[in-house]
Amino acid sequence: MIADLKPYSAYKKSGSLWLGAVPSHWEVQNLRTLIRPYNERNRPDLPLLSVAREKGVFVRSLTDAGENHNVIPEDLSNYKVARAGNLVINKMKAWQGSMGIAPCDGIVSPAYFVFNFAIANRSFGQALLRSRPYVAHFGQASDGVRVGQWDLTIRGMRQIPILLPPPDDQAAIVRFLNWSNGQLEKAIRAKRKVITLLNEQKQVIIHRAVTRGLDPSVPLKPSGIPWLGDIPQHWEVRKLKFEMRFCGGGTPSKGNLSYWNGLIPWVSPKDMKTEIIRDTIDHITERAVAQSSTNLVPAGSLLMVVRSGILQRTIPVAKSICEVALNQDMKSLTSKGRLDLDYFALFIRGCEKQLLHEWTKQGATVESIEHHYLSNTKVPIPPIQEQQQILDQVAGETAPITTAISRFEREIELLREYRTRLVADVVTGKLDVREAAEKLLDEVQTLEFEDDLVALEEDVDCSL
C-alpha cells in the first residue's frame, strides 16, 4: 500500500525552503495565528509532565531510574499548568524536536512554553510539528552562541509556516500514519527479538569460556564463589583489589568557562556506547584537571560506569585508547599484571547479571556500584597466556553472531529512517494518503497517535 502512494494532483508554493511545494487546497498560516500563550500556575497537585525529543510530552515517572531526571524542586507552585491538548515546547531544545501535545492535564517546567493550539486534529498537529522539516524550522527560529545553547525565540517561532489540510485530510493522514507506523513497528520488534536471541547465544559462549575455560576435560575445583560454582583446578581466585588499580573521576565547575572546550576528552556514561573510547562528546582543559577532582587516566585503561540508571540492566565497560579524564559516575581500572584488561571486560560481559548483583548488593533498585564491593569481589584468574587464548577463541566463535546482530541493527536503523521520511512526506503533502486511509477504515484500530509517536522516534538508546 505504501509503495502505491502518489503525489497530490496540484501544488502551490509554501514559501518555505524546507516545506517546498504543498497541495494547492491546503492552507498555509504562520504559527502566530494558531497559538495563544496559556498562563496558569500553582497546581502542584497535577502530575508532572516532561518533554523529550524521543517521546514528545509524557507523564514523568518519579521512580523509573531509566529516565534521566533533572532535580525536582520541593515547591512546584511556580510550575506552569499544561492542559490536555496544549502545545508544550522545551525552548532550549526545540531545535532538537523537544515539543508535543500534552496528553493530559499536568505541570511543566517554568522554562517551557505552553500554548493553546488551534488546530482541527491535535494528532496531526503533533505529527506535523515533530516532523523533520519542522525541527529544521524551529532550529532556524533559535538563537545562541553555540548549538548546545540555542534558545527558541518567540519572534522567530511566530513566523513558522504551518500547513493546514482540510479536517478530513488531517484525519486521513492520522489514520494512515497509525497504520503505517504499526506495520513498521511490527517489523522492528521482530528484528529486536532476533537480536535478543543472538545476544543470549553470545552470552552463553562467553559465560562458558570465562567460567570453565576451553578444555571441557580439565579437572575442576570449588571456586568458593557461591554464584560461580566449580572452576578449572589450575585457576586462581583472588580479590579484585589485589589485581587492579582503581581511579575515580569528578566534574569541573560548569560555571567556569576556563575549564571547558579544551583538548582533553572527558568521559561520562553518555560516551559508553562502544567498546572502544577514541574520543568523547565533552572536552576539558588542563586547568580543569589541575583544579578539580577529576583525574587523567592513561591510554589502555578499562573504563566502567559506576553510577547511572542503566546499571539496572547492564554494566557498561570500554577500553580507552587515549588519555582521558573521567566524570564522577565513572571509574578506571588498570591491571597490576596478572589480569588482562580485555579478558576482564569479557568476564564482566559473561557474568554481568551476577556481578551487578554482587557489586550493588541490593539488586535492581540500586543505581551505583559500591567501590567496597567491587574491590573485594573474588574473581577466577586463568594463567595470562590462557586468558589470551580464551579471548581469541571467543572472538572467533562469536564473530558470526556479532555480524548478524550488526546487520539486524542496521536494518532497524534503516526502518526508523524510512519511517521518519514517510511521516515527513505525508504531513507536508508530498504523498496523498486519502485513498489509502479510506481503505483502512475497517482495518485500523482506534489508537491515539500520541502513543504511537513514542515509538516513532525512539533511542533507547535512545538514551540518552
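Colleague: What is the strand order in the open sheet of five strands?

Modeller: Bear in mind that this is a predicted model. The open sheet has mixed pairing. Its edge strands are β18 (244-248) and β20 (276-277), each of which pairs on one side only. Reading across, the order is β18-β26-β23-β24-β20.

Colleague: Over how many bridges do β18 and β26 pair?

Modeller: β18 is an edge strand, pairing on one side only. With β26 it pairs in the antiparallel sense. The count for β18 and β26 is five bridges.

Colleague: And in which sense do β23 and β26 pair?

Modeller: Here we're looking at β23 (residues 302-305) against β26 (residues 330-335). The two pair over four bridges, and the sense is antiparallel.

Colleague: Which residue in β26 is the bridge partner of L302?

Modeller: Take the two pairings of β26 together. On the β18 pairing, F246 has L333 as its bridge partner in β26. For L302, the bridge partner in β26 is L333.

Colleague: On to the helices. Is α6 oblique or roughly perpendicular to α9?

Modeller: Helix α6 (residues 341-350) packs on helix α9 (residues 384-427) with the axes 9 Å apart. The angle is about 60°. Roughly perpendicular would need 65 to 115 degrees, so α6 against α9 counts as oblique.

Colleague: Which residues of α9 make that contact, and is the crossing left-handed or right-handed?

Modeller: The crossing of α6 and α9 is left-handed. From α6, the contact uses D342, Y343 and L346. The residues of the contact divide into five nonpolar, one polar and one charged. On the α9 side they are Q387, I390, L391 and V394.

Colleague: What about α6 and α7: oblique or roughly perpendicular?

Modeller: The axes of α6 and helix α7 (residues 352-360) come within 5 Å. They cross at roughly 90°, which makes α6, relative to α7, roughly perpendicular.

Colleague: Which residues of α7 does α6 meet?

Modeller: The α6 side brings F344, F347, I348, R349 and G350. Sorted by type, the residues of the α6 and α7 contact are five nonpolar, one polar and two charged. The α7 residues are E352, L355 and W359.

Colleague: How are α1 and α4 placed relative to each other, oblique or roughly perpendicular?

Modeller: Helix α1 (residues 122-129) and helix α4 (residues 167-212) pack with their axes 9 Å apart, at an angle of about 70°. The crossing is left-handed. An angle of 65 to 115 degrees counts as roughly perpendicular, so that is the label for α1 and α4: roughly perpendicular.

Colleague: How many charged residues are in the contact of α1 with α4?

Modeller: On α1 we have S123, F124 and A127. They meet Q170, I173, V174 and L177 in α4. The split is five nonpolar and two polar, and the charged count is none: no charged residues.

Colleague: Which residue does R83 meet in a salt bridge?

Modeller: A search of the whole structure turns up 20 salt bridges. R83 lies in the loop between β7 (80-82) and β8 (87-90), and its partner is in the loop between β4 (35-37) and β5 (49-52). The pair links distant parts of the chain, 43 residues apart. The side chains meet at 2.8 Å, N to O, and the partner is E40.

How values were computed. Residues numbered from 1 in each chain as written. Predicted model: local features only at pLDDT ≥ 70, side-chain atom pairs only at ≥ 80, totals over all residues. Heavy atoms only, no water. Axes fitted to C-alpha atoms, helices over the stretch in contact; angles between N-to-C directions. Parallel < 35°, antiparallel > 145°, perpendicular 65-115°, else oblique. Left-handed = near helix turned anticlockwise from the far one by under 90°. Contact = heavy atoms within 4.5 Å. Nonpolar A, V, L, I, M, F, W, Y, C, P; charged D, E, K, R; others polar. Pairing = 2+ DSSP bridges. Salt bridge = Lys/Arg side-chain N within 4 Å of Asp/Glu carboxyl O.
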